[in-house]
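Dear colleague,

I am passing on the structure we spoke about, with some notes on what was found in it. Please look through it alongside the comments below.

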Amino acid sequence: MKKNVLAILIGLGVLSSPVFASPAASGLIISGTTFDTNDAFRFTNNSTSGETILSLTWNLTAIGGFFDTTSIAPGASSTPLALSSSSSAVGAIFPDNAAQNGLQTLTINFTDFNPGETLIFGVDTDFLSCLDCAGINGNGFINATATAIFSDGQARIGTYTATSAQGFGSEVSITTPTAIPEPGSMALLGLGLAGLGAIRRKGTRK
């Protein structure tokens with residue numbers, strides 16, 4: 001019986017290596033400070049099956065940073081959110097600068113962020129421990145996170161690490177899906193359990 005169950009599970013792919021879906025994204029932050037530049041942040045949609053990016057969220061909590069978008073405290077010297085003229089036309093919807101000021105997270109929504117396109121924008125960032133000292137350089141974002149929500153409903157998160165890309169201080173890669181089973185995998189698992197139940201019923205009738 002155990003051999004039959006194992007055969008069913010292997011045949012259905014339940015015990016095989018997980019197959020990751022196609023949504024993916026990657027990002028870079030310039031090597032210098034993000035203050036007074038509109039090309040500090042870059043993020044590319046690397047999806048392979050047509051998934052668009054609906055939103056991106058940056059979280060600076062791990063590095064003690066915040067977005068300084070107005071001259072009102074916590075930071076006095078600021079630069080608002082600005083889309084670069086070199087950015088792809090991704091339909092970026094920035095939050096209001098007054099509402100964004102002082103927050104450790106930033107969410108940008110999109111109406112047309114297709115595979116192969118790159119978002120490029122700038123905004124001032126500072127450390128809470130040193131207001132208006134010099135701003136955060138690209139390598140200061142190491143351990144900050146970025147989360148992408150895709151048009152197929154999947155959310156994927158990545159952590160910034162050091163980069164060897166010339167002119168940039170950190171990078172992030174979002175390629176691993178969250179721990180939510182894909183519908184196809186759940187269906188296969190259901191079939192496997194149904195087969196197991198049928199084998200057990202057959203065994204009890206003997």
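Which residue stands opposite Ile157 in E11? That residue is Thr147. Before going further, please note that this is a predicted model, in which local features need pLDDT of at least 70 and side-chain atom pairs count only at pLDDT 80 or more, while totals for chains, interfaces and linings use all residues. Residues are numbered from 1 along each chain as its sequence is written, and side-chain values use heavy atoms, with hydrogens and water left out.

Strand E10 (residues 145–150) pairs with E11 in the antiparallel sense over 5 bridges, where strands are DSSP runs of E of at least two residues, numbered from the N terminus, and two of them pair if DSSP finds at least two bridges between them. Their hairpin has 4 residues between the strands, and Gly153 there takes a positive phi near 95°. Along E11 (residues 155–159), Arg156 and Gly158 point to one face and are buried, whereas Ala155, Ile157 and Thr159 point to the other and are not; buried means under 20% relative accessible area, with a 1.4 Å probe and protein chains only.

The structure also holds 7 aromatic pairs, counted where the ring centres of Phe, Tyr or Trp (its six-membered ring) lie within 6.5 Å, with planes under 30 degrees apart called stacked, over 60 edge-to-face and the rest tilted. One of them, Phe41 with Trp58, is edge-to-face at 6.2 Å centre to centre and 70° between the planes, and it links strands E2 and E3, the two residues being 17 apart. Both Phe41 and Trp58 are buried.

With best regards

Technical notes: Buried < 20%, exposed > 50% of the residue type's maximum accessible area, 1.4 Å probe, protein only.
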